[in-house]
Amino acid sequence: MAALKHNLTAHKDAITIIGTVGYSIDPTAKGWWGANSPGVEGFNAEMKAMGFRVHPLIGGLRGNLSHICNATTTPNECQVQHFRRIWASPHGFIERAVDLIKQGGWDGVNIDFESSAGTAQDAQAFAAFLKKLADAVHAVGARVSVDTNCTPPNLAHFDCLAVRL
């Protein structure tokens, strides 16, 4: 950990945002997601205290997914099915993201909803979700950063270079 902190500090002028792997979506969790490790909040706070802009990452799935996916569903398809549920009814997720920013004093959030599955309609739904999320996050003076999967076949559906939030 000391070496990581040293390297981050040595390259501070070149680092725009630290997007830590912080939170995985748990479909069974009351609060939408949970910390991946007990130390993630402490690390984020330490990076913020060192003067870095911090966007905790929200993405991936964990927990019992049997009520979402069956044995024939691939992991990527399972993720997309869950993302569709979020995009269709985003209010609770967005509210929780804004609360996370406020409680941690973060500069924003990083959304990591990458998947190699999905359709053009999914890309449109994701863009609409990001717009709603960005509006709410910007209202509290924060930003949204997004991880996208810009490899074939995803290039057919996502304009990976046009995401500006």
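Let me start with a working definition: a residue is called buried here when its relative accessible area is under 20%, exposed when that value is over 50%, and partly exposed in between. Please keep in mind throughout that what we are looking at is a predicted model.

With that cut-off in hand, take histidine 55, which sits in the loop between H2 and strand S3 (57-61). Is this histidine buried or exposed? Its relative accessibility is 2%, and because buried means under 20%, histidine 55 counts as buried. As for what surrounds it, and leaving aside residues up to four places away in sequence, histidine 55 touches Ile17, Ile18, Gly19 and Thr20, then Asp107, Gly108, Val109 and Asn110, and finally Arg143, Val144 and Ser145. Its C-alpha atom is separated by 8.4 Å from that of asparagine 44, a residue 11 positions apart from it along the chain.

For contrast, look at alanine 45, which is found in helix H2. Here the relative accessibility is 39%, so alanine 45 falls in the partly exposed class, between the two cut-offs of 20% and 50%. The C-alpha atoms of alanine 45 and glycine 105 are separated by 8.5 Å, although the two residues are 60 apart along the chain.

Let me now step back to the whole chain. The protein has 5 helices and 5 strands, and, read along the sequence, these follow the pattern α-β-β-α-β-α-α-β-α-β. Of the 165 residues, 38% are buried, and the accessible surface comes to about 8800 Å², with 54% of that belonging to carbon and sulfur atoms. If we consider contacts between residues at least 6 apart in sequence, 73% of them join residues at least 24 apart.

Next, the helix packing, where I have two pairs to show you. In the pair formed by helix H1 (residues 2-10) and helix H2 (residues 40-49), the axes come within 12 Å and cross at roughly 30°, and the crossing is right-handed. The residues that meet there are Leu4, Lys5 and Leu8 from H1, and Phe43, Glu46 and Met47 from H2. In the other pair, helix H4 (residues 91-104) packs against helix H5 (residues 120-139) at an angle of about 35°, with the axes 10 Å apart, and this crossing, too, is right-handed. On the H4 side we find Phe93, Ile94, Ala97, Val98 and Ile101, which meet Phe129, Lys132, Leu133, Ala136 and Val137 of H5.

That brings me to the aromatic residues. How many aromatic pairs does a search of the whole structure find? It finds 8. One of the pairs joins phenylalanine 83 and tryptophan 87, whose ring centres are 6.0 Å apart and whose planes stand at 35°, so this pair is tilted. Both residues belong to helix H3 (residues 75-88), and they are 4 residues apart, about one turn of the helix. Phenylalanine 83 is buried, with a relative accessible area of 1%, and tryptophan 87 is buried as well, at 10%. Ring pairs link these two with Phe93, Phe113, Phe126 and Phe129 into a cluster. Two members of that cluster, Phe93 and Phe129, also appear in the packing of H4 and H5 that I described a moment ago.

Finally, one charged side chain deserves a look: lysine 12 lies over the face of phenylalanine 52, at 5.3 Å from the ring centre.

How values were computed
Residues numbered from 1 in each chain as written. Predicted model: local features only at pLDDT ≥ 70, side-chain atom pairs only at ≥ 80, totals over all residues. Heavy atoms only, no water. Buried < 20%, exposed > 50% of the residue type's maximum accessible area, 1.4 Å probe, protein only. Contact = heavy atoms within 4.5 Å. Areas by Shrake-Rupley, 256 points an atom, 1.4 Å probe, with all protein chains shown as cover. Phe/Tyr/Trp six-rings, centres within 6.5 Å; stacked < 30°, edge-to-face > 60°. Lys NZ or Arg CZ within 6 Å of the ring centre and 35° of its normal. Axes fitted to C-alpha atoms, helices over the stretch in contact; angles between N-to-C directions. Left-handed = near helix turned anticlockwise from the far one by under 90°.
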